[in-house]
Amino acid sequence: MLEAMACGVPVITGNTSAMPEVAGTGALTINPYKPEEIAKALIHLETDSALYGLERVKEFSWKQTANKLVDIYKSILL
């Protein structure tokens, strides 16, 4: 999902597991067991360029991960 977002490809993902947490507002989440939701999401992508994930994926960079890890270590030590 993140690789697709980084390439500017719109993402439709299931609303199960950790998918909604990773997707955030950068993707459409749907019930994967309801074909009508999948079809509706596909049609929605034609009109909403905000769902192309380029901003959301920036939150998952290695630098961002390292900064968050350092913050955790600092909070433990203080």
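This is a friendly chat about a predicted model and some of its residues.

Me: Hi! Can we start inside? Which residues make up the largest nonpolar core?
Reply: Happy to. That core has five residues, namely Met5, Val11, Ala23, Ala27 and Val57. Keep in mind that the model is predicted.

Me: Okay, let me pick Ala23. What is Ala23 in contact with, leaving aside its neighbours within four places in sequence?
Reply: Ala23 is in contact with Met1, Met5, Thr13, Thr29 and Arg56, once those neighbours within four places in sequence are left aside. One of them, Met5, is also a member of the core we just listed.

Me: Thr13 is on that list too. Where is Thr13 found?
Reply: Thr13 is found in strand S1, and the strand covers residues 12–14.

Me: Is Thr13 buried or exposed, and why?
Reply: Thr13 is buried, because its relative accessible area is 10% and buried means under 20%.

Me: And what does Thr13 touch, not counting residues up to four places away in sequence?
Reply: With those residues not counted, Thr13 touches Met1, Met19, Ala23, Leu28, Thr29 and Ile30. So you can find the pair Thr13 and Ala23 starting from Thr13 or from Ala23.

Me: Nice. Now the outside! Which residues form a nonpolar patch on the surface?
Reply: Leu69, Ile72, Tyr73 and Ile76 do, and together they have about 420 Å² of accessible area. Ile72 lies in helix H4, which spans residues 62–77.

Me: Why does Ile72 count as partly exposed?
Reply: Ile72 has a relative accessible area of 45%. Partly exposed is the range between under 20% and over 50%, so that value belongs there.

Me: Let's hop to Ser17. What is the phi of Ser17 near?
Reply: It is near 55°, a positive value in a residue other than glycine. Ser17 sits in the loop between strand S1 and helix H2, where H2 is residues 19–23.

Me: Is Ser17 buried or exposed?
Reply: Ser17 is exposed, with a relative accessible area of 70%.

Me: Which other loops could I look at?
Reply: Try Asn31, in the loop between strand S2 (28–30) and H3. A polar atom of the Asn31 side chain lies 2.8 Å from the backbone nitrogen of Tyr33. Leaving aside neighbours within four places in sequence, Asn31 is in contact with Asn15 and Glu37.

Me: What about H3 itself? Which residue there could we check?
Reply: Ile38 lies in helix H3, and the helix runs over 35–45. Ile38 counts as partly exposed at 33% relative accessibility. Not counting residues up to four places away in sequence, Ile38 touches Ile30 and Pro32.

Me: How many residues apart in sequence are Ile38 and Gly14?
Reply: They are 24 residues apart in sequence, and C-alpha to C-alpha they are 9.2 Å apart in space.

Me: I'd like to try Gly14 with Glu46 as well. What separates their C-alpha atoms?
Reply: For Glu46 and Gly14, 32 residues apart along the chain, the separation is 19 Å. Glu46 is found in the loop between H3 and H4, and Glu46 is exposed at 69% relative accessible area.

Me: Where does Glu55 lie?
Reply: Glu55 also lies in the loop between helix H3 and H4. Glu55 is exposed, with a relative accessible area of 56%. Its C-alpha atom is 8.4 Å from that of Met5, although the two residues are 50 apart along the chain.

Me: Last one: where is Val9 found?
Reply: Val9 is in the loop between helix H1 (2–6) and S1, and at 40% relative accessibility Val9 counts as partly exposed. Val9 and Leu45 are 36 residues apart along the chain, with their C-alpha atoms separated by 10 Å.

Key:
Residues numbered from 1 in each chain as written. Predicted model: local features only at pLDDT ≥ 70, side-chain atom pairs only at ≥ 80, totals over all residues. Heavy atoms only, no water. Core = buried A, V, L, I, M, F, W, Y, C linked by side-chain atoms within 4.5 Å. Buried < 20%, exposed > 50% of the residue type's maximum accessible area, 1.4 Å probe, protein only. Contact = heavy atoms within 4.5 Å. Patch = residues over 30% accessible without salt bridge, like charges linked within 9 Å, V, L, I, M, F, W, Y side chains within 5 Å. Areas by Shrake-Rupley, 256 points an atom, 1.4 Å probe, with all protein chains shown as cover. Salt bridge = Lys/Arg side-chain N within 4 Å of Asp/Glu carboxyl O. Helix = DSSP H or I, 4+ residues; strand = E, 2+ residues; numbered from the N terminus. Polar contact = N/O pair within 3.5 Å; in protein donor to acceptor, adjacent residues only side chain to side chain.
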